[in-house]
Amino acid sequence: MPLQIGSLTLNSPVVLAPMAGVTNMPFRVLCREQEMEKMGTVSGLYVCEMVTARALVERNDKTLHMTTFAPVETPRSLQLYTTDPEYTYKAAKMIVDEDLADHIDMNFGCPVPKVTRRGGGSALPYKRRLFGNIVAAAVKATEGTSIPVTVKMRIGIDDAHHTHLDAGRIAVEEGAAAVALHGRTAAQRYSGTADYQEIRRLKEHLAHTRIPVLGNGDIFAASDASRMLAETGCDGVVIGRGCLGRPWLFAELAAELQGVDKPAPPTLGEVTRIIYRHAELLAEHSGEEHGLRDMRKHMGWYMRGFPVGGEMRAALSQISSLAELAEILKPFSDSEALADDSEGPRGRQGSPGKVVLPEGWLDDPEDDTVPEGADIMHSGG
């Protein structure tokens with residue numbers, strides 16, 4: 001099931017969702033390696049963690065490091081967080097002029113309070129003209145190139161303020177090459193279940209445009225992707241929390257959607273080798289001390305469902321060197337144990353809550369004033 005996004009042709013309609021602090025270059029490379037090892041090819045799209053347009057333009061050191069791509073990464077996909085058409089244009093033009101990426105995705109889906117309270121993320125599509133101006137700025141900056149611009153968003157702010165149908169239409173009118181919808185409102189955050197009916201509504205709403213609509217939300221197993229495609233009619237799937245601690249999920253998804261036998265799930269021994277490879281890549285990317293500290297948060301996800309005991313889990317959560325990690329993993333390197341809880345929700349869940357918005361944000365959806373201070377934040381959101 002190939003997927004066409006502008007100039008990009010993907011052999012599998014599967015996209016890795018940008019996740020702050022997770023989808024950095026080491027994790028993307030690991031996912032690609034797993035797909036290559038198990039399927040013999042890399043067929044999907046792996047998007048880097050979100051970076052802030054203004055920080056990119058101002059050449060913030062952290063932001064520039066976050067936009068690093070490995071030589072094996074093709075196509076290179078970069079997600080921008082932005083609230084200002086001016087900085088959107090400058091950032092997209094910088095990406096074009098300096099050959100930083102082959103695809104630009106725009107983040108209008110982040111639901112966290114520190115983003116929405118300033119009018120960013122999933123709050124912004126409510127302001128229809130501002131939203132359109134931002135998408136148009138990115139498209140204008142990439143005119144004459146092969147770099148497609150896409151949009152990722154949520155259903156809306158809450159049940160009383162759905163924005164996805166208008167936002168999808170506007171994004172396409174302004175030149176977006178694809179639209180991805182997380183089937184939750186900002187108020188839901190990551191609670192409850194994704195609403196596939198709203199993904200279907202968006203697909204039907206944009207059917208006449210032939211622009212791809214991608215679905216996102218609650219894909220924790222290969223069968224979930226098939227179900228979303230069947231129930232919504234969407235053109236592709238975006239995977240977020242489901243791949244936490246499971247970089248091999250993309251190989252399983254590719255197999256499922258191509259109608260071939262899925263790779264066998266990895267044993268605990270195989271997972272220990274994947275963990276070490278992940279840590280090794282992080283150490284190469286960020287230095288051993290920082291890389292291993294960053295690796296700690298992945299350990300609970302990797303070990304989910306495996307019979308390793310609390311002592312090993314505690315040790316993995318405190319690793320500080322590759323040598324220490326190798327020593328902790330060594331007793332389990334030949335284990336044939338399989339995880340008994342490899343599927344189902346993982347990562348953030350929590351409870352729904354009132355969306356924090358700038359004062360008066362809901363007064364005028366046609367107001368295109370750039371929200372004050374919304375773009376001054378660290379990349380990664």
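Is the crossing of α1 and α11 left-handed or right-handed? To find out, open the predicted model and start with the longer of the stops below.

**Helix α11**

Select residues 268–286, which form helix α11. Its 19 residues reach 27 Å from the first C-alpha to the last, close to the 27 Å expected at 1.5 Å a residue. Next, colour the buried positions of α11: Leu-268, Gly-269, Val-271, Thr-272, Ile-274, Ile-275, His-278, Ala-279, Leu-281, Leu-282, Ala-283 and His-285. Show their surroundings, and four helices appear as packing partners of these buried residues: α1 (25–39), α3 (61–66), α12 (288–303) and α14 (322–329). Step past the end of α11 to Gly-287, where phi is positive, near 90°.

**α1 against α11**

Keep α11 and add α1. The two axes lie 8 Å apart and the helices pack at about 140°, which makes α1 oblique to α11. Their crossing is right-handed. On the α1 side, select Met-25, Pro-26, Phe-27, Val-29, Leu-30, Glu-33 and Gln-34; they meet Ile-274, Arg-277, His-278, Leu-281, Leu-282 and His-285 of α11. By class, this contact has 8 nonpolar, 3 polar and 2 charged residues.

**α6 against α7**

Now select residues 128–141 for α6 and 164–173 for α7. Their axes come within 9 Å and cross at roughly 35°; this crossing is right-handed. Arg-128, Phe-131, Gly-132 and Val-135 make the contact from α6, and Asp-166, Ala-167, Ile-170 and Ala-171 make it from α7. The contact of α6 with α7 comprises 5 nonpolar, 1 polar and 2 charged residues.

Conventions: Residues numbered from 1 in each chain as written. Predicted model: local features only at pLDDT ≥ 70, side-chain atom pairs only at ≥ 80, totals over all residues. Heavy atoms only, no water. Axes fitted to C-alpha atoms, helices over the stretch in contact; angles between N-to-C directions. Helix = DSSP H or I, 4+ residues; strand = E, 2+ residues; numbered from the N terminus. Left-handed = near helix turned anticlockwise from the far one by under 90°. Contact = heavy atoms within 4.5 Å. Nonpolar A, V, L, I, M, F, W, Y, C, P; charged D, E, K, R; others polar. Expected span 1.5 Å × (residues − 1). Buried < 20%, exposed > 50% of the residue type's maximum accessible area, 1.4 Å probe, protein only. Parallel < 35°, antiparallel > 145°, perpendicular 65-115°, else oblique.
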